[in-house]
Every structure is written in structure tokens, then in C-alpha cells.
Amino acid sequence: MLSDDHVNEIIIQVENVSSGVQSHPSSNQIFQEKVLLDSSINMVSSISDIDVIDSQTVSKRNDQKGNQVLRFSTSLNESMSQTLHSLECMGIDTPGSSHETVQGQKLIASLIPMTSRDRIKAIRNQPRTMEEKRNLRKIVDKEKSKQTHRILQLNCCIQCLNSISRAYRRSKNSLSEILNSISLWQKTLKIIGGKFGTSVLSYFNFLRWLLKFNIFSFILNFSFIIIPQFTVAEKNTLQFTGLEFFTGVMAKYFRNNFINPHIYSGGITKLIFCWDFTVTQEKAVKLKQKNLSTEIRENLSELRQENSKLTFNQQLTRFSAYMVAWVVSTGVAIACCAAVYYLAEYNLEFLKTHSNPGAVLLLPFVVSCINLAVPCIYSTFRLVERYEMPRHEVYVLLIRNIFLKISIIGILCYYWLNTVALSGEECWETLIGQDIYRLLLMDFVFSLVNSFLGEFLRRIIGMQLITSLGLQEFDIARNVLELIYAQTLVWIGIFFCPLLPFIQMIMLFIMFYSKNISLMMNFQPPSKAWRASQMMTFFIFLLFFPSFTGVLCTLAITIWRLKPSADCGPFRGLPLFIHSIYSWIDTLSTRPGYLWVVWIYRNLIGSVHFFFILTLIVLIITYLYWQITEGRKIMIRLLHEQIINEGKDKMFLIEKLIKLQDMEKKANPSSLVLERREVEQQGSLHLGEHDGSLDLRFRRSVQEGNPRA
């Protein structure tokens with residue numbers, strides 16, 4: 001195929017015919033121009049019946065320029081008419097009817113928006129003479145030059161939009177790649193998932209999610225609360241002895257300025273027949289193989305568990321065991337909550353009578369002991385309940401533990417808001433912040449001790465003393481509830497101690513490595529493999545529905561019902577915390593530049609109707625997403641049934657084919673004999689070749705062993 005330069009050399013460029021003539025041309029020139037125009041117009045009119053499919057095919061390649069044809073087709077027709085009119089004025093006849101001229105104009109209009117290469121190909125493929133092709137090229141180039149400036153303007157706009165779109169996509173992809181590259185513990189999580197499965201992996205994913213959430217919360221608090229308070233902070237004259245780190249009494253420095261408000265198992269096919277060929281390193285390949293084997297075991301385990309059925313007596317026995325376990329667990333939770341309530345009621349009197357600084361750790365110590373011991377008691381109920389599905393066991397343990405821990409936090413909130421806040425103590429906000437800090441720190445210390453000491457002792461007992469116990473399995477429910485409990489305390493304490501998200505960041509970072517080391521040393525993979533595809537969603541739901549909702553209620557009572565301290569804090573002197581917003585709005589209402597903020601507060605934030613409409617919109621969106629999810633579930637079920645039906649159809653066709661072959665063999669037994677003879681002949685031929693190859697190998701071996709042979 002010739003290049004564009006060669007084609008340009010072959011197709012001779014002819015000077016454009018001027019639209020107007022100043023002087024009278026000679027008869028020779030008139031005759032030559034007439035012949036040239038006659039041939040070009042005849043060619044244009046005769047080419048009007050060319051194959052339209054070719055022009056449509058080429059035009060489809062230029063969809064972006066298709067709109068340009070529509071924009072300048074009118075001007076093209078006008079220019080063609082002007083050209084023909086000027087030639088008529090010169091005395092040159094224009095053969096061809098008006099119908100042919102319109103068709104020729106349409107052909108030229110379809111050739112103009114093409115690229116140079118496509119236009120040359122389209123002209124070259126026409127079954128016309130070279131002279132006609134040259135004339136067509138001449139007319140197209142002439143009209144294209146008139147529309148160049150318009151096309152350039154359109155191309156500039158289109159190119160700008162395309163460049164902006166490409167830049168946005170590239171920046172988005174680059175940002176996602178950067179975030180994936182700096183993602184924490186990516187390799188460690190793959191190792192955990194490959195060895196212990198997705199159920200244990202869900203705990204560490206939840207821990208990493210909480211760490212990211214606290215980083216975001218700390219950035220907000222540090223930017224809008226801590227930095228402004230540092231600018232007006234007083235000089236610190238207190239002495240640090242080390243005990244303040246555990247008791248939280250460093251907080252006195254901030255008290256004047258810093259107190260602030262059903263799944264189908266269709267994934268087996270993907271696991272078996274799909275492999276990531278970009279994985280080339282030996283360690284990565286082994287890790288990938290281990291992950292695949294773990295996922296296959298999880299899928300097969302769920303299939304086996306779903307197909308298992310129990311008799312009526314077995315179901316009655318298990319239901320009785322479930323009821324007994326629930327009654328006992330509820331009684332234990334009520335007893336623990338009562339103990340915490342009475343201890344909290346007498347905590348202030350106990351602190352007044354004991355001057356020892358370590359006495360403030362009594363309440364956090366008792367609460368942490370309950371949070372550590374009772375979930376372990378709940379875990380032993382699995383020996384009686386014996387759930388078939390490990391997922392059901394985890395859900396039950398989560399519900400029991402969340403009931404215990406949220407009840408304890410609710411009792412402590414009642415103690416803080418009704419006893420501490422109304423006791424008349426100076427800076428009661430500081431006392432609450434210190435209590436929350438001590439609870440959070442004591443829970444972290446107990447968790448570390450349990451990881452490095454308790455779980456290690458359990459491993460020694462199971463491996464050396466009582467070998468029938470063996471290694472223990474990772475308790476997902478208990479460890480997840482520890483994270484939810486700590487995060488709930490952080491949310492409550494942000495109003496009283498804004499640095500708590502930073503402390504929680506450090507604790508979660510240390511917790512990940514301690515749990516990872518303990519998991520690799522002291523635990524075994526789950527005995528019943530199961531998929532935890534929806535566990536992360538359930539963890540986040542538990543975090544936001546009981547915990548975050550309860551925190552909002554607690555803070556609402558604090559802001560709208562309680563009176564701030566009279567001698568400390570940024571809200572001192574106000575009857576309620578909410579009056580700080582009221583006074584701020586009154587101040588803005590006197591400034592004309594901020595009236596829009598006042599309007600937004602009074603008409604949107606302070607309006608009940610706005611929140612009613614907002615709630616209605618949220619409910620509608622939730623309902624739509626729920627409908628979409630249900631529709632996808634139905635589609636998955638239908639596709640699954642379609643796959644099963646297609647497999648049945650294939651089996652039916654194979655059986656029919658076998659029956660037809662059997663009937664044909666019975667009807668023509670002679671053909672069966674011929675087939676057997678052919679098979680025998682082919683077998684003897686292969687056997688002879690095999691013997692010959694063996695004999696040749698034997699001779700070669702003898703010659704190599706004895707060169708004289």
C-alpha cells in the first residue's frame with residue numbers, strides 16, 4: 001500500500017478555479033476549463049451512485065467528526081452553488097441535472113470530514129478513471145480549505161475537553177495506585193488470609209478500617225480544636241511523675257482552655273480455572289496457592305453444611321441448649337451491669353476517702369476484668385450449643401458481647417451525666433475525660449497482657465500439659481467487640497478530651513502487630529472453614545447502630561440538658577452548651593456579610609421540616625438501594641438456575657447422541673466390524689513403531705557402552 005506522500009504525487013494537484021474573473025479569458029482557456037469542468041461534473045454526477053456502504057463504513061470511524069459535517073454542510077452547498085454560478089457566468093455549460101448536482105454535493109460533504117488517509121482510500125477505491133479521481137480530489141481540497149478555520153475552532157474545543165477528560169482519568173488512576181501502594185499491612189493481610197481464612201482476616205481488616213477512621217478524626221480535631229487552643233494556652237507549671245500517664249491527671253493543663261464539646265458457591269469455578277499469571281515470584285505463588293486452597297475449603301465446607309439435616313430429636317435438643325445458653329448469658333450480663341452500677345455510685349465517695357493517686361484506677365480495673373472474663377465464658381458455650389454453621393456461632397457471640405459491653409457503657413454514661421455532672425465538682429468535664437481515658441488505657445493494657453501472656457499460656461497447656469485440647473482457634477467475636485468497645489469510648493470522649501483519636505491511633509497500630517504475632521504463634525486455623533464475605537459489613541453495622549447511635553444520644557443530652565462548669569472550659573458562664581451556638585448566630589446576625597449563614601441556620605439547621613424532608617430523602621434512597629440489591633440477588637439466582645439448566649441440556653444431548661450411535665451400530669453391524677479392524681490395525685502399527693524405537697535405543701546404548709561394537 002502506498003503512503004500518503006506517494007499518493008499525493010500520483011494524484012496531481014490542480015489549481016482551484018477562481019470564483020470570479022476580472023479579465024476576459026481566451027477561447028483556448030475557456031475551452032480547457034470547460035473540458036475540465038465537464039469531466040469533473042460528469043464524474044461527480046456519475047459517482048453519485050457509488051456504493052454507500054463504503055462511505056458509511058468510513059464515516060463510522062469518524063464519529064467525533066460526524067457532527068462537524070452537519071454544521072458546515074449548508075455552507076458547502078452554498079459554496080458549490082457559487083462555484084457553478086460563476087462558471088455559468090463565464091459562459092461554461094454545466095452538464096448534469098440538478099438532482100445529480102445535489103448527489104455530488106452530498107458525496108463531497110461526506111468526504112470532507114474524513115482524515116487524509118481515509119479520504120485517499122475512499123477515492124482510490126472508486127471504479128473511475130484517474131482523471132475523475134484527480135478532479136474529485138481537487139473539489140474536495142478546495143471546499144475543505146474554506147472550512148478549515150471553522151473545523152479548527154471545533155477541534156480546539158473537542159481537544160480541550162478530551163485532554164481534560166484524559167487528565168482526570170489519569171489523575172484518578174494515579175491516586176488509586178498511590179493509595180494502594182501505601183496501604184498498610186497489605187502483605188501481612190494476605191498471609192493471614194491464606195493461613196487462617198477470611199473469617200480471621202475480617203478482624204484485621206476491621207482493625208485497619210478503624211485506624212484509618214481515627215486518623216481522619218484526629219486530623220479534624222487537631223486542625224479545628226487543638227491548634228486554636230494552643231494559641232491561647234497558658235504556661236504549664238505542673239510536674240510529671242509518670243503516674244499521670246495511667247491516671248490521666250495531665251488533663252489539668254487543659255481544663256481552662258481545652259475542654260471541648262444467602263450466597264451461592266459459584267466462586268469455586270473461578271478459583272479453580274482462574275490464575276493470575278502476573279504472579280511470578282516463588283513466595284507470591286505459594287501464598288496465592290495457599291489462598292486458593294483456603295477459599296476452596298471454605299466453599300466446600302459451606303456446601304456440606306448446607307446439605308446436612310437433623311432429626312426432630314436433635315433439633316429439640318439443640319433448641320433447648322440454645323435457650324439455656326441465652327438465659328445464662330443474659331443473667332451473667334445483668335449481674336455484671338449491676339456490679340458496675342453500684343461500684344460507680346460509690347466511686348466518688350471512695351475517691352474522697354482515699355488520697356492514693358492510684359485509687360482512681362479501681363473502676364477501670366473492675367470494668368476491664370469483666371470485659372476480659374465474661375466473653376471467655378461466652379465462648380465456652382459453643383461446647384454445648386454446637387452450631388453447624390460457624391457464621392451463626394460468630395453472630396450469636398457478637399450479639400451477646402455487644403449486649404454486655406454496650407450495657408456497661410450505658411451505665412457509665414448514666415453515672416457520668418447524672419452523678420458526676422450534678423455533683424457540684426469543679427470542672428466535672430475534666431473528671432469525665434479522665435475516666436474515659438483511664439478506661440481506654442486499662443482496656444488496652446488488659447488486651448496486650450491477654451495476647452502475650454494468656455494466649456501463650458493457653459498454647460503451652462494445649463501442646464504440653466493437656467494435649468487433647470490442642471491449639472485454640474481465634475475468637476473473632478471477642479476481639480471484634482474489644483475494638484467496638486474502645487471506639488465507642490473514643491467517640492464519647494472526643495467532647496471531653498479531643499486527643500483521644502490520636503491515642504486510639506497508637507493503640508490500634510500496636511494492637512495489629514501484637515495480635516498478628518500472637519495469631520501466628522498461639523492459634524490454629526479454624527477447624528470448620530467458612531467464608532466471611534459479609535462479616536466486615538456486619539462489624540461496621542454493629543459499630544454504627546448501637547454504638548454510634550448511643551454516643552449521639554449521650555452527646556445530645558450533654559449539649560442540650562447539662563450546665564457547663566462555672567470556672568473552667570470554653571463554655572463557662574453559659575446556662576447550656578447549646579447557648580454557645582445561639583450567641584454565635586446572634587453575633588453573625590449583626591454583620592451583613594454573614595447573613596447567609598444566619599439564614600441557613602434558621603431555615604435549614606434549625607427547622608424541623610428540613611430534617612423531616614432530609615430523613616424522607618434518606619429513606620427513599622435507602623429503599624432504592626435495597627430494591628437494587630434485591631434485584632441483583634434475583635438476577636444471580638436466575639443466572640445460577642440458567643447455568644444448571646444448560647448443564648442438564650448438555651447431558652440430555654449427550655445421552656441422545658449415545659443412543660443414536662448405539663442404534664446405528666445395531667442397524668449396521670458390518671460397520672462395527674470394520675471399525676474394530678481399523679482400530680486393531682492402528683494398534684499393531686503403533687506397537688511396531690514402539691518396538692522399533694526400543695530396538696534402536698538398545699543398539700545405541702550398546703554402541704555407547706562398547707565403542708567396538
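**Why the labels fit**

User: Gln504 sits in helix α20 (residues 500-522). What makes a run of residues a helix here?

Analyst: DSSP decides: a helix is a run of H or I of at least four residues, a strand a run of E of at least two, and both are numbered from the N terminus. One caveat up front: this is a predicted model, where local features need pLDDT of at least 70 and side-chain atom pairs count only at pLDDT 80 or more, while totals for chains, interfaces and linings use all residues. Residues are numbered from 1 along each chain as its sequence is written, and side-chain values use heavy atoms, leaving out hydrogens and water.

User: Why is Gln504 called buried?

Analyst: Buried means under 20% relative accessible area, exposed over 50%, and partly exposed in between (1.4 Å probe, protein chains only). Gln504 comes in at 2%, so buried it is. Skipping neighbours within four places in sequence, Gln504 is in contact (heavy atoms within 4.5 Å) with Asn214, Leu440, Ala486, Gln487 and Val490.

User: And Ser217, buried or exposed?

Analyst: Buried, because its relative accessibility is 14%. Ser217 lies in helix α9 (residues 186-231), and, with the same sequence neighbours left aside, it is in contact with Ile494 and Pro501.

User: What makes Phe213 and Trp491 an edge-to-face pair?

Analyst: Phe, Tyr and Trp rings (for Trp, the six-membered one) pair if their centres lie within 6.5 Å; planes under 30 degrees apart are stacked, over 60 edge-to-face, and the rest tilted. Phe213 and Trp491 are 5.7 Å centre to centre with 80 degrees between the planes, so the edge-to-face label follows from the cut-offs. At 24%, Phe213 is partly exposed, whereas Trp491, at 7%, is buried. The structure holds 35 aromatic pairs.

User: How do you know that Cys427 and Cys568 form a disulfide?

Analyst: Two cysteine sulfur atoms within 2.5 Å count as a disulfide, and these two are 1.8 Å apart. Cys427 is in the loop between α17 (390-420) and α18, and Cys568 in the loop between α21 (535-561) and α22 (579-589), so the bond ties together parts 141 residues apart in sequence. Both Cys427 and Cys568 are buried. Cys336 is in no disulfide: the nearest cysteine sulfur, on Cys337, is 6.9 Å away. Cys336 is buried too, at 12%.

User: How do you know that the length of α18 agrees with a helix?

Analyst: The expected span is 1.5 Å times one less than the number of residues. For the 38 residues of α18 (residues 428-465) that gives 56 Å, and the end C-alpha atoms are 52 Å apart, which agrees.

User: What makes Asn450 the centre of a kink?

Analyst: The bend at a residue is the angle between axes fitted to the seven residues ending there and the seven starting there. In α18, the kink centred on Asn450 is about 40 degrees.

User: Why is Arg386 called exposed?

Analyst: Its relative accessibility is 57%, so it falls in the exposed class. Arg386 is in the loop between α16 (382-385) and α17. Its phi is positive, about 55 degrees, although Arg386 is not a glycine. Most residues other than glycine have a negative phi.
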